[in-house]
There are 2 protein chains.
Amino acid sequence: MPLESLSWSDQEEQIARQVFELAYRRELSATLAYVRQVAATIDSPDALWQLHDFLSAKRHEMDGKYDARSSMLIFVFADLIKNGWISLEELQGLDKEKLTRIAALTRI
Amino acid sequence: MPLESLSWSDQEEQIARQVFELAYRRELSATLAYVRQVAATIDSPDALWQLHDFLSAKRHEMDGKYDARSSMLIFVFADLIKNGWISLEELQGLDKEKLTRIAALTRI
């Protein structure tokens, strides 16, 4: 079954939204901690503009990654697991096929 | 005499370069202090991306403003005085015509 055709029950959509928001808050929190740490120590133009480059890249990445369209969720969750923002266990409640596909995507 | 025709003695070029670097360091230092202050308190995505927007604008502004071509220095110094980064007194040693032109530009 193509991913676009996977149907999401109301309960699954609720789980997905919660985990999605959890991952976003975690990644944002880690980003904030990093920015605070860097900001406290930078003392040169290069370091300041490197922080700017980092924020440009992170914003672009997060804008692209946190795509809540249902057809994208399988990929988004696999990516979030690979990058350590969530665990597969936190997605319990999704049906077995989705979990299997997500787990498979984390291995490639 | 058009500004492009103003000649700069070696001594004047040295004064200009020193004041120019002083202004850059002051503006950078103020920017760093602001970034540290903001970074220590942001707790939302909006605030983080506002910091990014601020850095984008500041970088663009500073890249444009700190233009060390001799033909631009009169304008650059007038702008730096208007924005409080240097004083006219710190440019003492430039010839009277340049100081008069810079002072005039700070009033428009």
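This report describes the surroundings of one glutamate and a set of aromatic and charge-over-ring arrangements in a predicted model.

Glu12(A) belongs to helix α1 of chain A, which spans residues 10-41, and with a relative accessibility of 6% this residue counts as buried. Beyond its neighbours within four places in sequence, Glu12(A) is in contact with Ser7(A), Gly93(A), Leu94(A), Asp95(A) and Lys98(A). Two of these partners recur in polar terms: a polar atom of the Glu12(A) side chain lies 2.6 Å from the backbone nitrogen of Asp95(A), and the side chains of Glu12(A) and Lys98(A) make a polar contact at 3.0 Å. Lys98(A) also lies over the face of Trp8(A), at 4.9 Å from the ring centre, and in chain B Lys98(B) lies over the face of Trp8(B), at 4.9 Å from the ring centre.

Over all chains, the structure holds 8 aromatic pairs, two of which, from chain B, are set out below.

| Pair | Centre distance | Angle of planes | Class |
|---|---|---|---|
| Tyr24(B) and Tyr66(B) | 4.9 Å | 85° | edge-to-face |
| Tyr34(B) and Phe54(B) | 4.5 Å | 55° | tilted |

Tyr24(B) lies in helix α1 and Tyr66(B) in the loop between α2 and α3 of chain B, so this pair ties together parts that are 42 residues apart in sequence. Tyr24(B) is partly exposed at 24% relative accessible area, whereas Tyr66(B) is buried at 12%. Tyr34(B) in helix α1 and Phe54(B) in helix α2 of chain B likewise tie together parts 20 residues apart in sequence; Tyr34(B) is partly exposed at 38%, and Phe54(B) is partly exposed at 24%.

In chain A, ring pairs link Phe20(A), Tyr24(A), Tyr66(A) and Phe77(A) into a cluster.

How values were computed
Residues are numbered from 1 along each chain as its sequence is written. Chains are lettered from A and ligands numbered from 1 in the order in which they are written. This is a predicted model: local features need pLDDT of at least 70, side-chain atom pairs count only at pLDDT 80 or more; totals for chains, interfaces and linings use all residues. Side-chain values use heavy atoms; hydrogens and water are left out. Helices (H or I, at least four residues) and strands (E, at least two) are DSSP runs, numbered from the N terminus. Buried means under 20% relative accessible area, exposed over 50%, partly exposed in between (1.4 Å probe, protein chains only). A polar contact is a pair of N or O atoms within 3.5 Å; within protein, one must be able to donate a hydrogen and the other to accept it, and residues adjacent in sequence count only if both atoms are side-chain atoms. Contact means heavy atoms within 4.5 Å. Rings of Phe, Tyr and Trp (its six-membered ring) pair if their centres lie within 6.5 Å; planes under 30 degrees apart count as stacked, over 60 as edge-to-face and the rest as tilted. A charge sits over a ring if NZ of Lys or CZ of Arg is within 6 Å of the ring centre and within 35 degrees of the ring normal.
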